[in-house]
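User: Could you take a close look at the ligand site in this one, and at the salt bridges too? I'd like one connected walk-through.

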Amino acid sequence: MEGRLINPVSGLPDTKNAPEADSSVLRVWGGHSLRGHVKISGAKNSALVLMTGALLCSEDCRIRNVPRLADVERMAQVLSALGIKIHRNGETLDINAKDFTTSKAPYELVTQLRASFFAIGAILARLGVAQMPLPGGCAIGARPVDLHVRGLQAMGAEVQIEHGICNAHVPGSNRRLKGAKIYLDSPSVGATETLMMAATLADGETILDNAAREPEVVDLANFCNSMGAKITGAGTSTITILGVSKLHSTDYEVIPDRIEAGTFLTAAAITHSELLLSPVIPEHLLPVIAKLQEMGVNIVEEAPNCLRVMPAEVLKAADIQTLPHPGFPTDMQAQFMTLLALADGDSLINETVFENRLQHVAELKRMGANIRVKGNHAIVEGVPLLSGATVTATDLRASAALVLAGLAAQGKTTIQDLHHLDRGYDCLEAKMRNLGAKIERVRVNAEGETVYRYADEAVRV
Ligand code: UD1
């Protein structure tokens with residue numbers, strides 16, 4: 001049975017309306033090289049936080065280049081539940097938070113999407129009160145929000161956590177947060193973004209020290225500045241925000257997704273293929289490009305915002321330590337582990353950002369990888385081949401790592417638990433197929449037989 005069930009909002013296969021939805025799997029037949037050009041979508045982590053940034057403004061905000069992802073759809077549901085008007089037309093989102101009066105975010109949505117907690121800064125800045133369920137732990141670690149909370153308290157908010165809800169309000173008649181000097185114990189991306197948004201409408205100047213320097217933080221600052229905010233220093237570890245009384249409408253384009261681009265660079269490397277990628281901002285990919293070059297992969301800037309990746313003669317082993325930007329991104333660790341599993345020699349991976357982000361090791365071992373884990377270190381002994389197997393995605397980037405393993409492995413790989421992949425990759429299998437990969441999404445019955453084959457999503461190249 002074949003069909004075309006595409007959700008009109010997310011542009012994703014509509015697994016909700018397809019019967020027996022969670023039995024969908026990806027099948028990948030390995031050993032085919034890739035060829036051609038791939039269009040990189042807008043950055044997931046930017047789009048999500050820009051959507052919350054739109055709450056700061058009571059006029060129309062247009063956000064372009066928004067990827068089609070389950071996480072974006074969830075964030076749209078959170079905003080709708082707060083009374084915000086949100087409309088999607090292709091890759092453009094129109095948001096109007098004029099009638100934004102609800103300060104209580106819905107539990108069942110916030111707990112599914114950590115980034116929605118970051119809206120607490122914008123809600124508090126606009127309304128002076130916010131009730132936000134704690135996002136809870138997730139597959140890759142406990143992920144606390146203490147830095148967000150302490151920063152908001154430093155700006156004058158009273159915050160209490162009761163029954164899993166973070167209740168915050170700004171005392172005083174004008175309900176306006178006050179500028180403060182805040183030092184972050186660690187350069188948390190989310191805390192930097194929450195506090196930057198909160199400070200945008202605060203009274204006076206806020207200085208965030210030891211701030212995160214990720215490109216998505218810079219994108220949020222640029223977005224807020226395009227609405228009239230006064231933020232300087234984003235991209236360095238000291239960000240200064242001079243509060244303004246209100247923001248105005250904007251039309252803004254999200255930066256390209258450096259993690260999606262990094263995943264395609266790794267796909268080219270692991271299949272010994274030549275690919276063109278655009279649009280990309282090469283500067284955002286420096287740690288990934290440097291590591292691939294160290295492994296023998298050739299990458300050149302073909303034209304502005306366009307990279308050409310060419311195969312290595314021999315993929316050499318390399319050591320990796322994940323770090324806050326501009327260090328090697330934790331969101332590329334799983335994909336690199338797959339690549340290193342096929343490299344010549346031994347590699348050491350040290351995951352320093354999250355405490356539980358090596359769960360994909362067990363799945364890669366199922367495919368023949370030789371990896372040992374000790375704490376947050378993985379020792380990867382390169383093997384000549386991986387073999388196709390049935391594997392389970394354990395988190396978003398781990399699912400991409402398994403797709404890469406499937407592309408390189410001998411025979412057929414079947415990947416289960418696709419909801420992780422759909423959170424953060426815009427039409428991954430369609431883009432891969434367009435490059436020549438043999439990959440399909442099907443629904444299977446208890447015997448593993450195909451009962452439904454999803455048709456191609458629209459591929460935008
Ligand atoms: C963001 C990204 C995620 C990426 C991560 C690190 C989004 C939506 N997600 O997540 O893809 O993997 O940055 O680059 O942008 N921490 C605390 N207290 C806090 C906040 C964080 O201890 O209040 C810790 C976390 O547990 C973690 C580390 O700081 O160990 C880094 O987390 P953080 O930078 O905050 O990640 P997120 O913003 O959640």
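Analyst: One cut-off first: a residue counts as buried when its relative accessible area is under 20%, with a 1.4 Å probe and protein chains only. Keep in mind as well that this is a predicted model.

Let's start with the ligand. There are 18 residues around it, and R114, D146, S188, D331 and V353 come nearest. As for polar contacts, D331 puts an N or O atom of its side chain 2.6 Å from a ligand oxygen. V353 works through its backbone, where an N or O atom sits 2.6 Å from an oxygen of the ligand. P144 also joins in through the backbone, with a polar atom 3.3 Å from a ligand oxygen. On its own the ligand has 740 Å² of accessible area, and the protein covers 86% of that. Two elements give two or more residues to the shell, helix 5 (146-154) and helix 6 (189-200). Helix 5 gives the most, with three residues. Sorted by class, the shell has eight nonpolar, five polar and five charged residues. Domain 1 (21-32 + 317-458) and domain 2 (44-253) each supply at least three residues to the shell.

D331 is worth a second visit, since that residue also forms a salt bridge with R357, with the closest N and O atoms 2.8 Å apart. The partners are 26 residues apart: D331 is in the loop between strand 18 (320-321) and helix 10 (333-341), while R357 is in the loop between strand 19 (346-350) and helix 11 (360-366). D331 has 17% relative accessibility, so it counts as buried. R357 is at 6%, so it counts as buried too.

Now for the other salt bridges: the structure holds 25. R441 pairs with E429, the closest N and O atoms being 2.6 Å apart. Because R441 lies in strand 24 (residues 438-444) and E429 in helix 14 (residues 428-434), this pair ties together parts that are twelve residues apart in sequence. R441 is buried, with a relative accessible area of 2%, and E429 is buried at 3% relative accessibility.

E216 and R258 make another bridge, at 2.8 Å between the closest N and O atoms. E216 belongs to helix 7 (residues 215-226) and R258 to helix 8 (residues 258-270), so the bridge ties together parts that are 42 residues apart in sequence. Both E216 and R258 are buried. Finally, K44, D71, R74 and R423 are linked in a salt-bridge network.

Technical notes
Residues are numbered from 1 along each chain as its sequence is written. This is a predicted model: local features need pLDDT of at least 70, side-chain atom pairs count only at pLDDT 80 or more; totals for chains, interfaces and linings use all residues. Side-chain values use heavy atoms; hydrogens and water are left out. A residue is near a molecule or strand if one of its heavy atoms lies within 4 Å of it. A polar contact is a pair of N or O atoms within 3.5 Å; within protein, one must be able to donate a hydrogen and the other to accept it, and residues adjacent in sequence count only if both atoms are side-chain atoms. Accessible areas come from the Shrake-Rupley method with a 1.4 Å probe; for residues, only the protein chains shown count as cover. Helices (H or I, at least four residues) and strands (E, at least two) are DSSP runs, numbered from the N terminus. Ala, Val, Leu, Ile, Met, Phe, Trp, Tyr, Cys and Pro count as nonpolar, Asp, Glu, Lys and Arg as charged, and the others, Gly among them, as polar. Domain bounds come from an automatic or database domain assignment. A salt bridge is a side-chain nitrogen of Lys or Arg within 4 Å of a carboxyl oxygen of Asp or Glu. Buried means under 20% relative accessible area, exposed over 50%, partly exposed in between (1.4 Å probe, protein chains only).
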